[in-house]
Each structure stands twice: as C-alpha cells, then as structure tokens.
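Please load the model in your viewer, switch to a cartoon representation and keep a selection panel open, as the tour moves from the whole chain to single pairs of residues.

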Amino acid sequence: MQVNPSFRLAYVPGVTPGKWVRVWAERLPDVPLDLRALSAEDGEAALREGTADAGLVRLPVDRDVLSAIPLYTETTVVVFPNDHFLAAAEEAELGDLAEEVVFHPLDDTLGWPAGLPGRPAIDRPATTADAIELVAANVGVLLVPQSLARLHHRRDLTYRPVAEAPQSQVALAWPQDRTTDLVEEFIGIVRGRTVNSSRGRGAQPAEEPKKASAQRKPQPQKAGAQKAGAQKGGPQKGKPRPSAGGRGSATPKRGKPKRRS
C-alpha cells in the first residue's frame, strides 16, 4: 500500500500558520501537513539539514543555501510590569529606556546593529521565556516582536510599541536545491494564488477546447443586413411603400399629435 507523502513545515515562536494550514487542507486533502514548532535558531537549521521542507522563519537566513520570500514585518514592543511609568504613554521611545535594565536573551530575534538601549543585565537570559520571568520580577524590561509579547502574555505585564527600534521580519524559506511541487504549492498559498493559478501539484489542468461547432453561437445580424433581409421580395428601393392612407401615398412621419383648434 502506497503512503501519500507529507509536507514538513517548520515554524518559529510567534508565527501562527493556521490560515495557511486551512487552505492546504482544502486544496491538498490527500497530503498530510506535518507541522514542526521549533526555536528561532532550530528553524533555519531544520531547513539546512533537510528535516523540514519549508519553514516560516525570521530573517536573516543564509541566502547562499536558502530561498526566502518576506511575508510581513512585526512591530517591536517593550514589555514591563503594569505599574511601570511607561504604561502612562501609548508609545515608548528608545531614549525612555536609558536608565532601565534591558534584557538581551540568547534567542533574541531583533539584532541590535547600534547596540542595545539602556543598561545591560549582568547575565543574558537563555530564552525569551526566561527574560519574561525576570521582567515579572521587576528586574528590568524586554524588547521583542509583538507576537512574542502576546505569546508570553501575563496578567501582571503589559507592553507598548517602541519607535525607531529594530524590527523582525517573517519569511517563508526553503532549501534552494529542493524546490519541489509541494513547496511551490505552499508558496502559492502564502501568496494568495487561486487553485488554477498555482504552479504546484494542486493546480487544475486547463480544459481541452471543445469542437468549434459546439462553441459557435449564433451571431446577431448587423442592422444593414436585417434591413436588407426585410426588404427582400418587397417594394424596390426608392418607391414609396403603400400605406393605409391610400394607394401610392407615402408613409406618414411620426411626431407629436397636433392639438385641434
């Protein structure tokens, strides 16, 4: 008995592939979608090692090995306790964090080319989840993509968007040398292609043209042809047509009826 191939899709924390998974299930019900939740670092590694066919990952990735299509860019937020002074504003600025201890977890997804704002912590937390625990203990604050703030939501914490902070970009990536029909199918799904416009195996073949006689529809005759047909066998051109008014009399012109005096 032949087993249908599956499509292995990796995704990193904060990414929610649900809407694309639903389209896949409708379009390719005979191909199981194997979802693999991995850390930000392990997502790219799975693609390089061939343990995933494609992945929803965070940029940058190694473009010498992987192809990538950017999907969206996330807002960066700062996470802090509910009673923090930053809660009074709708948006924070990097300058507002100058006196704050800002955690920089080892799985940071933002990157800081100009350096992290505020004061560094003594040690870097191993994960974002560990950093959230330290923020809840009122030790410092944390800058993350908004989806990660929602993922690690706690009632005693809140967050605000931060102007001019680096942002994280989510992309669909896959190995350059393994662009299969199923990969093409998923590319079409995330790009919003219809079934007929997709280049993957789910695309529907074009219908063969039917016989010309079956498709041919009666064409309406032109006005001149209709007039000629109507006059065929009738009075010759130029001669007045008999009317009810008498023999040889011209057809009366249409117009508004004159009021009798």
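The stops below go from the whole protein to an open sheet, then to the helices beside it and to a further strand.

This is a predicted model, in which local features need pLDDT of at least 70 and side-chain atom pairs count only at pLDDT 80 or more, while totals for chains, interfaces and linings use all residues. Residues are numbered from 1 along each chain as its sequence is written, and side-chain values use heavy atoms, with hydrogens and water left out.

**Whole protein.** Select everything: the protein has 7 helices and 11 strands, where helices (H or I, at least four residues) and strands (E, at least two) are DSSP runs numbered from the N terminus. Of its 261 residues, 33% count as buried, a term that means under 20% relative accessible area with a 1.4 Å probe, protein chains only. The exposed surface comes to about 17400 Å², of which carbon and sulfur atoms supply 50%, with areas taken from the Shrake-Rupley method and a 1.4 Å probe.

**The open sheet.** Next select strands 2, 1, 3, 11 and 4, which in that order form an open sheet of 5 strands with mixed pairing; two strands pair if DSSP finds at least two bridges between them. Strand 2 (33–37) and strand 4 (66–73) stand at the edges with a single partner strand each, so one side of each is left without a neighbour in the sheet. Neighbouring strands of this sheet are turned by 20 degrees against each other on average, direction ignored. Zoom in on strand 1 (residues 7–11), which pairs with strand 2 in the parallel sense over 5 bridges, and find F7, whose bridge partner in strand 2 is L33.

**Helices on the sheet.** Now add helix 1 (residues 18–27), which packs on the sheet and touches strand 1, strand 2, strand 3 (54–58) and strand 4, contact meaning heavy atoms within 4.5 Å. The direction of helix 1 makes about 165 degrees with that of strand 2; axes are lines fitted to C-alpha atoms, for helices over the stretch in contact, and angles run from 0 to 180 degrees between N-to-C directions. Helix 5 (residues 181–190) lies across strand 1, strand 4 and strand 11 (169–175), running at about 160 degrees to strand 11.

**Strand 5.** Finally select residues 76–81, strand 5: 6 of its 6 residues are buried, so strand 5 is largely enclosed by the rest of the structure. Strand 5 pairs in the antiparallel sense with strand 9 (residues 141–145) over 4 bridges, and V79 has L142 as its bridge partner there. With strand 10 (residues 157–163), strand 5 pairs in the antiparallel sense over 5 bridges, and the partner of V77 in strand 10 is P161.

Terms used. Buried < 20%, exposed > 50% of the residue type's maximum accessible area, 1.4 Å probe, protein only.
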